[in-house]
Amino acid sequence: MRTYHKDINADFICKHCGYFVHTQSQISGVVNRNHCPYCLHSRHVDLYHPGDRLCACKALMTPVGLTLKRSRDKYAPDNHGELMLVHRCIYCGELSINRVAADDDPDMLLAVLRSGTNGRPELLWACEINGIRLLEEKRHRHLVHSRLLGRSAGLRI
């Protein structure tokens, strides 16, 4: 008999690209895997906190940007914090922030950074209302490169 805990983190097939996605934390480095490492799309499954899987929407969530996890230390520098992926539900418009996993495609993450908010003022407004500060390609490219590929890789821009 399977327990609820095992079911919420079961391997899945991506609803966007069709790839099979493993959810083992030893591979991804995250406990609650809910986005595809190949196309970075997700499903709207969490309602109150990561891993609860209580949301009834279940629609596709598209990656719209990158941000940094806020530090509890109010004196921490602005560019301090874990790199996070911002998703937006294509059905209800809800925004979600998810950890970047170790097996996420770095080229896809850089493409999300490049897409920016140009021509999407409603996205910028929605992020601002939710307290999400999206990273910008021109200002944060070096930071994202170094977080994804290591410090020396960040210098080869």
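Here a trainee and a mentor talk through a few features of this predicted model.

Mentor: Ground rules: residues are numbered from 1 along each chain as its sequence is written, and side-chain values use heavy atoms, without hydrogens or water. As the model is predicted, local features need pLDDT of at least 70 and side-chain atom pairs pLDDT 80 or more, while totals for chains, interfaces and linings use all residues.

Trainee: Why is Asn98 called buried?

Mentor: Buried means under 20% relative accessible area (1.4 Å probe, protein chains only). Asn98 has 9% relative accessibility, so it counts as buried.

Trainee: What makes the pairing of Asn98 and Asn34 a polar contact?

Mentor: A polar contact is a pair of N or O atoms within 3.5 Å, where one must be able to donate a hydrogen and the other to accept it; residues adjacent in sequence count only if both atoms are side-chain atoms. The side chains of Asn98 and Asn34 are 3.5 Å apart, so the pair fits the cut-off. Asn98 also makes a side-chain polar contact with Ser96, again at 3.5 Å.

Trainee: How do you know that the buried residues of helix H3 are on the same side?

Mentor: Those residues are Leu109, Leu110, Val112 and Leu113. They cover an arc of only 155° around the axis, so they sit on the same side of H3. The arc is taken from the directions from the helix axis to the C-beta atoms.

Trainee: What covers the buried residues of H3?

Mentor: The cover includes E4, strand E5 (83–89) and helix H5 (137–149).

Trainee: Which residue caps the N-terminal end of H3?

Mentor: Asp105, with a side-chain oxygen 2.9 Å from the backbone nitrogen of Asp107.

Definitions and conventions: Buried < 20%, exposed > 50% of the residue type's maximum accessible area, 1.4 Å probe, protein only. Helix = DSSP H or I, 4+ residues; strand = E, 2+ residues; numbered from the N terminus. Contact = heavy atoms within 4.5 Å.
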